[in-house]
Amino acid sequence: MSYLRHISTRRLLALCTAVVVALASAAAIALAAGGSGPTPPPKPLAQAVHDALAAPPVDGVTARISFTNHLIDAASLQGSDPLLTGAKGRLWATGDKLRLELQASSADGRAGDVQVLLNGDQLTVIESGTNTVYRAKLPQDNKQTANEPAPSLARIQSVLTHLTEKATLSGAQPSDVAGRPAYTVRITPRHDGGLLGGAEVAWDAEHGVPLRAAVYANGAADPVLELKATDISFGKVAASDLAIPEPAGAHVVDLNPSAAGNGTDQKQADVTGLPAVQAKVGFTIVAPDALVGLPRKEVKLVELDGTPGALVTYGQGLGGIAVLESPSKAQPQTQQKGGGDGGGGLSLPKISINGASGQELDTALGTVVRFDRAGVGYIVAGSVPPTAAEAAARGL
């Protein structure tokens, strides 16, 4: 896991995006089915969800997809990384296996295709532009088995009712995605949503196939992240379509924590409270009672490269702010220029935090500010605009 502490900003963003894309795509594995039809008739949301979960699976899915990524302003991007700029591609899925191919469109040929593969809980991301392979084990969830009945309509309605306490649901809106009759639901946070405006999910009305997932920034009409099928077919998928050989001489990055690291991480996660965490770290934690008007919520011990650090959170929900503090040598490095990354990079503005030099990553859904002072590195992050993140950093 130490690689994550020194990964460049571009690669870290691309890798996080790959995980999100893989998880969004993976939903189609267990629910895939086929057919064709017009826009479906209106149906209550609970009933539409129940029917989707109760739909029988099919042998496999083959689809053409479109991935949109407007998290970062195009002027800040150098090169053409499919995970950061968006791309068209293809998807194959069957059983618990999935392969997603994002096809690069760089005119100079520097940015290659990206392959995202899932085999059960094993995630592999192959970046041909940087000749790098990332491997990680995803958290396991309680998936519905083939013989397990779908939740009852009453149970689904109960879950939806509970969800409406924190979010607004649009209901199941009849729609048409990839030539398939579909239902689309929009979820909007009621409060503490930060810069998140909402999310939309669409699924096949007849068989429950997830066809589209999108995330919107507050006040934006177009999604900042979107993964959707543009053409889809169903049936057996060849084993050769679900696997791709790793490139020769590729740099392999194992993102799985060691067994020993797991034990250490668990011990670190159990230490909370400012006095207890302060006793474990080798620097003075800066944790005011409030930051930009947000009350301090928690101080937690974390570990970076085997070095104890502190995670201080302020406020509630997505509108909160997190501050990561640790010795400077354990902080992630942010190499911006594209030469070392092969496929391009990020051009981040320099900012001054009370005389200390820092960098700022401004995205449509949040802001990250990092700076070093007196041998301690600080990362301030939140689903807040740059002015709020900078004010929080200067308040430390």
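A residue is taken as partly exposed when its relative accessible area lies between the limit for buried, under 20%, and that for exposed, over 50%. In this predicted model, Val 292 has a relative accessible area of 41% and is therefore partly exposed. Val 292 lies in the loop that links strand 15 to strand 16 (294-304), and its phi is positive, at about 45°, although the residue is not a glycine. Most residues other than glycine have a negative phi. A comparable description applies to Asn 131, which is not a glycine and has a positive phi of about 50°. Asn 131 is placed in the loop between strand 6 and strand 7, and its relative accessible area of 26% is the reason why Asn 131, too, counts as partly exposed.

A positive phi also occurs in the hairpin of strand 9 and strand 10, where two residues stand between the strands and Ala 178 takes a value near 55°. Strand 9 (residues 173-177) and strand 10 (residues 180-189) are antiparallel and are paired over five bridges, and one of the bridge partnerships joins Val 177 to Arg 180 in strand 10.

Nonpolar side chains tend to be buried together in soluble globular proteins. In the model, the largest nonpolar core comprises 35 residues, among which Ile 65, Leu 91 and Leu 102 have the most contacts inside the core. Two or more residues are given to this core by each of strand 1 (61-69), strand 3 (87-94), strand 4 (97-103), strand 5 (114-119), strand 6 (122-127), strand 7 (132-137), strand 12 (210-217) and strand 13 (225-234). The most is given by strand 1, which supplies four residues. When neighbours within four places in sequence are left aside, Leu 102 is in contact with Ile 65, Phe 67, Pro 82, Leu 83, Ala 87, Lys 88, Gly 89, Asp 113 and Val 114. A second core, separate from the one just described, has 27 residues and includes Val 281, Leu 291, Val 299 and Ala 356.

Phe 234 is found in strand 13 and is partly exposed, because its relative accessible area is 26%. Although Phe 234 and Val 61 are 173 residues apart in sequence, their C-alpha atoms are 4.7 Å apart in space.

Eight strands form an open sheet in the order 15-16-17-18-23-22-21-20, with antiparallel pairing. Strand 15 (290-291) and strand 20 (350-353) occupy the edges of this sheet and have a single partner strand each, so that one side of each remains without a neighbour in the sheet. Within the sheet, strand 22 (residues 366-373) and strand 23 (residues 376-382) run antiparallel and are joined by seven bridges, and Val 368 has Ala 381 of strand 23 as its bridge partner.

Helix 8 (residues 386-394) packs on the sheet, where it touches strand 15, strand 18 (321-327), strand 20, strand 21 (356-363), strand 22 and strand 23, and its direction makes about 25° with that of strand 22. The buried residues of helix 8 are Ala 389, Glu 390, Ala 392 and Ala 393. These residues cover an arc of only 160° around the axis, and they therefore lie on the same side of helix 8. The strands against which the buried residues of helix 8 pack are strand 15, strand 18, strand 20, strand 21, strand 22 and strand 23.

Technical notes
Residues are numbered from 1 along each chain as its sequence is written. This is a predicted model: local features need pLDDT of at least 70, side-chain atom pairs count only at pLDDT 80 or more; totals for chains, interfaces and linings use all residues. Side-chain values use heavy atoms; hydrogens and water are left out. A nonpolar core is a set of buried Ala, Val, Leu, Ile, Met, Phe, Trp, Tyr and Cys residues joined through side-chain atoms within 4.5 Å. Buried means under 20% relative accessible area, exposed over 50%, partly exposed in between (1.4 Å probe, protein chains only). Contact means heavy atoms within 4.5 Å. Two strands pair if DSSP finds at least two bridges between them. Axes are lines fitted to C-alpha atoms, for helices over the stretch in contact, and angles run from 0 to 180 degrees between N-to-C directions. The arc is that of the directions from the helix axis to the C-beta atoms.
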